[in-house]
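Work through the exercises below with the sequence and the structure at hand. Try each task before reading its solution.

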Amino acid sequence: MTGSGGGQTIDSMVTTDLLEHELLRGGHRITEPRRRLLSSIQAMGDHFTAEGLAAASPGVGRATVFRTLKLLQEVEAVCQVVLDDGTLQYRLTPNNAGHHHHIVCSRCGAVNDFASCDIQGLLAELARRTGYDIETHRLEVYGRCSECREELGRA
Ligand SMILES: [Zn+2]
Ligand SMILES: [Zn+2]
Ligand SMILES: [Zn+2]
């Protein structure tokens with residue numbers, strides 16, 4: 001799945017400079033391989049796989065690819081998206097998005113973010129019932145985007 005939905009809006013205009021800034025702010029150095037990865041990420045746009053990033057960055061070792069992705073997640077410049085087939089993708093986080101979730105098109109792979117997260121009651125109930133100290137959660141919603149619905153309707 002390439003995830004190129006055609007004409008989908010990219011709501012996160014993230015530049016290499018911004019990614020570098022986030023890394024520096026997190027106390028990380030910008031090495032040459034990292035710089036190369038950041039420009040690959042920028043070129044790949046809305047979302048990408050680790051494999052795709054490695055392929056787009058010849059000369060950068062796989063360990064560096066994964067370590068850099070992890071760092072970018074730590075500084076909240078990049079987040080993980082799980083597609084409905086279990087494929088893991090990475091996505092640039094819109095500036096200051098904070099805690100958020102994704103709604104993913106199961107046909108073209110388009111991803112949109114949403115920040116409303118009204119599940120505190122559920123989590124509290126779950127913690128009470130299971131005795132867990134709940135640290136985090138992940139929520140992805142799947143469906144057909146409006147462009148795909150339109151296309152399918154025309155067919
Ligand atoms: Zn996200
Ligand atoms: Zn779609
Ligand atoms: Zn949430």
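## Exercise 1: Confidence and overall layout

The model is predicted, with a mean pLDDT of 86 over the protein chain and 89% of the residues scoring at least 70.

Task. Find which helix has the highest confidence and which element the lowest, and then list the order of helices and strands along the chain.

Solution. Start with the extremes. Confidence is highest in helix α3 (residues 50-55), at 96. The lowest mean, 84, belongs to α1. Next, look at residues 1-12, where the pLDDT is below 50. Beyond near neighbours in sequence, this stretch has 21 contacts in the model.

Then count the elements: the protein chain has six helices and six strands. Along the sequence they follow the pattern α-α-β-α-α-β-β-β-β-α-β-α. Finally, turn to burial and contacts. Of the 155 residues, 23% count as buried. Among contacts between residues at least 6 apart in sequence, 51% join residues at least 24 apart.

## Exercise 2: The antiparallel sheet

Task. Which strands stand at the edges of the sheet with the order β1-β3-β2, and what follows for their sides?

Solution. First read the order: this open sheet of three strands is β1-β3-β2, with antiparallel pairing. β1 (47-48) and β2 are the edge strands, each with a single partner strand, so one side of each has no neighbour in the sheet.

Now check one pairing. β1 and β3 run antiparallel and are joined by two bridges. In this pairing H47 stands opposite R91 in β3. Last, add the helix: α4 lies across β2 and β3, and runs at about 105 degrees to β2.

## Exercise 3: One residue in β2

Task. Is Q80 buried, partly exposed or exposed?

Solution. Locate the residue: Q80 lies in strand β2. Then apply the cut-offs: a buried residue has 20 or more other C-beta atoms within 10 Å, and an exposed one has 12 or fewer. Q80 has 14 C-beta neighbours inside 10 Å, so Q80 counts as partly exposed.

Next, list the contacts. Leaving aside neighbours within four places in sequence, Q80 is in contact with Q73, L88 and Y90. As for R91, this residue is 11 residues from Q80 in sequence, while the C-alpha atoms of the two are 6.2 Å apart.

## Exercise 4: The mixed sheet

Task. In which sense does β4 pair with β5, and in which sense with β6?

Solution. Take β5 before β6. Strand β4 (residues 101-105) pairs with strand β5 (residues 111-114) in the antiparallel sense, over four bridges. In this pairing H101 stands opposite F114. The two strands form a hairpin with five residues between them, and G109 in the turn has a positive phi of about 85 degrees.

Then take the other partner. β4 and strand β6 (residues 140-143) run parallel and are joined by four bridges. Here the bridge partner of V104 is Y142.

Put the pairings together: the result is an open sheet of three strands, in the order β5-β4-β6, with mixed pairing. β5 and β6 are the edge strands, each pairing on one side only. On average, neighbouring strands of this sheet are turned by 25 degrees against each other, direction ignored.

## Exercise 5: The nonpolar core

Task. Why does the largest nonpolar core lie between domain 1 and domain 2?

Solution. Begin with a general point: in soluble globular proteins, nonpolar side chains tend to be buried together. The largest core here has 22 residues, of which L19, L37, I41 and V78 touch the most other members. Elements giving two or more residues to this core are α1 (16-25), α2 (32-44), α4 (62-74), β2 (78-82), β3 (88-92) and β4. Now compare with the domain bounds. Domain 1 (12-94) and domain 2 (99-155) both give residues to this core, so the core lies between them.

How values were computed:
Residues are numbered from 1 along each chain as its sequence is written. Chains are lettered from A and ligands numbered from 1 in the order in which they are written. This is a predicted model: local features need pLDDT of at least 70, side-chain atom pairs count only at pLDDT 80 or more; totals for chains, interfaces and linings use all residues. Two strands pair if DSSP finds at least two bridges between them. Axes are lines fitted to C-alpha atoms, for helices over the stretch in contact, and angles run from 0 to 180 degrees between N-to-C directions. A nonpolar core is a set of buried Ala, Val, Leu, Ile, Met, Phe, Trp, Tyr and Cys residues joined through C-beta atoms within 7 Å. Domain bounds come from an automatic or database domain assignment. pLDDT is the predictor's confidence in each residue, from 0 to 100. Two residues are in contact if their C-beta atoms, placed from the backbone, lie within 7 Å.
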